[in-house]
Amino acid sequence: MSQLIEVKVPDIGDFHDVPVIDICVQVGDAVKVDDALVTLESDKATMDVPSSAAGVVKEVRVQLGDKVSEGSVVVILAAGADAGVKPAGAPAPAAAPAPASTAPSAAAAAAASAAPPLPSPTPPASTAQPSAAPPPALALGARTHASPSVRLLARELGVDLTKVSASGPNGRILQEDVNAYVKGVMTASRAPAAAAPASLGGGLDLLPWPKVDFAKFGPVEVKPLARIKKISAQNLARNWVMIPAVTYHEDADITDLEAFRVAINKENERSGLKITMLAFLIKACAFALKKFPEFNSSLDGDNLILKQYVHIAFAADTPHGLVVPVIKDADRKTVSQIAVESGELARKARDGKLTPGEMSGACFTISSLGGIGGTYFSPIINAPEVAILGVNKSVTKPVWNGREFAPRLILPLSLTADHRVIDGALATRFNVHLAQLLADLRRVLL
């Protein structure tokens, strides 16, 4: 006898009503533990819902576009000897044809609305070239047939596979189909658009975004924006417009701290423990947030929410864009614990394995460019936080010590603060205090 198992959405942090953007299985598929069943997309990242058991898919409880939360049932599995496993290598059933309709498909309608009107005269018959009609795209809500690599490509390009015409066997979508769809959309987007309203500023009375045919000036290459960057762009634009932010700069003398870090790493060569400057920064910021609670707050209308916990996020550079994992309770952890945890989170970020829970709940963010260079910059606050610290590459400078100029290792700090909560005097005091902590971390013991 087979046993029916409900596979539910696991803990996804503080996210609710997350849309389903891809369904990776269909009824009859055999799945193993941790196989991807559906893909969700929050405003920060995409994540696969893994199977918590092995078995055969008996029912798919969600459709594309459905919104789910933790505990929502996505798939019913049958586990047991008579579960009805599909023979290995058996072809997937062809997708059901879309119901006949005189209305154009969503993709065709979008292309038609963006394309210029056709000229009315009919070309001579001698110039007309016959062409094979492309296979129709899937109907809305239909399941797609594509390999994991093709699904990954589609997610990176922001392509809805239900709108892609399949040319592979049994209605399978190939990589060439995805590329052809993107090319078609890009070609249509360059066509002259209908007249736009006088203002698209959403109440800010901004001019419309300029429409330019760059190809008429020279060769161009069209490259779709990565999904993470598209999502980040919306958040960054909102934060830049809505937060009255000011950036304050300070130099921290980390000569002694860097010497200590190098010595500790040499002592721990055999164990493999490596302390990074980021770990010291997180610990120092956690201590500073306790001293200056306004920096550990969020605005909620006319109220200021002062948090009794200290969760610090750090920006991690990945091949697909920046993501921001969070060190929870950083004030309660040692520098060594922070170094290990931040290293593991950074690795998961590069591999695209971070969960929404590992990227939520931050009180304060550190954006470090120390491994790249630069001098100072103005980081954008990650709402609903009220401040963010930017860090550049440390550099040796001559510093007057009262008797002579001596070489000191200087770390540039750039603190951006929400001026509605933090005025210039408070921001400068925070920066100075942080620089003092980094100059002599023994102050954390006081």
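How many helices and how many strands are there in the chain? This predicted model contains 8 helices and 21 strands. The chain has 446 residues, of which buried residues make up 37%. Among contacts between residues at least 6 apart in sequence, 64% join residues at least 24 apart.

## Nonpolar cores

The largest nonpolar core holds 56 residues, and within this core F295 and L438 touch the most other members. At least two residues each are supplied by the strands β11 (245-253), β14 (312-314), β18 (364-368), β19 (387-391) and β21 (405-418), and likewise by the helices α6 (277-291), α7 (335-350) and α8 (424-439). Helix α6 gives the largest share of this core, with 11 residues.

The surroundings of F295 can be listed residue by residue. With residues up to four places away in sequence left out, F295 touches L289, C363, F364, V386, A387, L415, I422, L426, A427 and F430.

A second core, separate from the one described above, has 24 residues, including I5, V7, V49 and V75.

## Packing of helix α6

Helix α6 packs with both α7 and α8. The axes of α6 and α7 come within 9 Å of each other and cross at roughly 120°. That angle makes α6 oblique to α7, and the crossing is right-handed. On the α6 side the residues that meet α7 are A279, F280, I282 and K283, and their counterparts in α7 are V335, I338 and A339.

Against α8, helix α6 packs at an angle of about 135°, with the two axes 10 Å apart. Here too the arrangement counts as oblique, and the crossing of α6 and α8 is right-handed. Helix α6 makes this contact through F280, L281, A284, C285, F287, A288, L289 and K291, while α8 contributes F430, H433, L434, L437 and L438. Two residues of α8 in this contact, F430 and L438, also appear in the account of the core: F430 is touched by F295, and L438 is named with F295 for touching the most other members.

## Buried polar residues

Two residues with polar side-chain contacts are treated here, T162 and D177. Is T162 buried or exposed? T162 is buried, because its relative accessible area of 4% lies under the 20% limit. This threonine lies in the loop between α2 (148-157) and β10 (172-173). The side chain of T162 is joined to that of D160 by a polar contact of 2.7 Å. T162 and H145 are 17 residues apart in sequence, and their C-alpha atoms are 9.6 Å apart in space.

D177 lies in helix α3, which spans residues 175-189. With a relative accessible area of 10%, D177 is also buried. The side chain of D177 forms a polar contact of 2.6 Å with the side chain of S167 and reaches the backbone nitrogen of L174 at 2.8 Å. Apart from neighbours within four places in sequence, D177 is in contact with V164, S165, A166, S167, G168 and R172.

Helix α3 also holds K183. In contrast to the buried D177, K183 counts as exposed, at 61% relative accessibility. K183 and P224 are 41 residues apart in sequence and 9.9 Å apart in space, C-alpha to C-alpha.

## Backbone geometry

Most residues other than glycine have a negative phi, and most peptide bonds are trans. Departures from this pattern are found at D17, at D34 and at the bond from A383 to P384.

The peptide bond from A383 to P384 is cis, with omega near 10°. P384 is placed in the loop between β18 and β19.

The two aspartates with positive phi are set out below.

| Residue | Phi | Loop | Relative accessibility |
|---|---|---|---|
| D17 | about 55° | between β1 (3-8) and β2 (18-23) | 49% |
| D34 | about 80° | between β3 (30-31) and β4 (36-41) | 59% |

Why do D17 and D34 fall into separate exposure classes, partly exposed and exposed? Exposed requires a relative accessible area over 50%, so D34 at 59% counts as exposed, whereas D17 at 49% counts as partly exposed.

Note on methods: Residues numbered from 1 in each chain as written. Predicted model: local features only at pLDDT ≥ 70, side-chain atom pairs only at ≥ 80, totals over all residues. Heavy atoms only, no water. Core = buried A, V, L, I, M, F, W, Y, C linked by side-chain atoms within 4.5 Å. Buried < 20%, exposed > 50% of the residue type's maximum accessible area, 1.4 Å probe, protein only. Helix = DSSP H or I, 4+ residues; strand = E, 2+ residues; numbered from the N terminus. Contact = heavy atoms within 4.5 Å. Polar contact = N/O pair within 3.5 Å; in protein donor to acceptor, adjacent residues only side chain to side chain. Axes fitted to C-alpha atoms, helices over the stretch in contact; angles between N-to-C directions. Parallel < 35°, antiparallel > 145°, perpendicular 65-115°, else oblique. Left-handed = near helix turned anticlockwise from the far one by under 90°.
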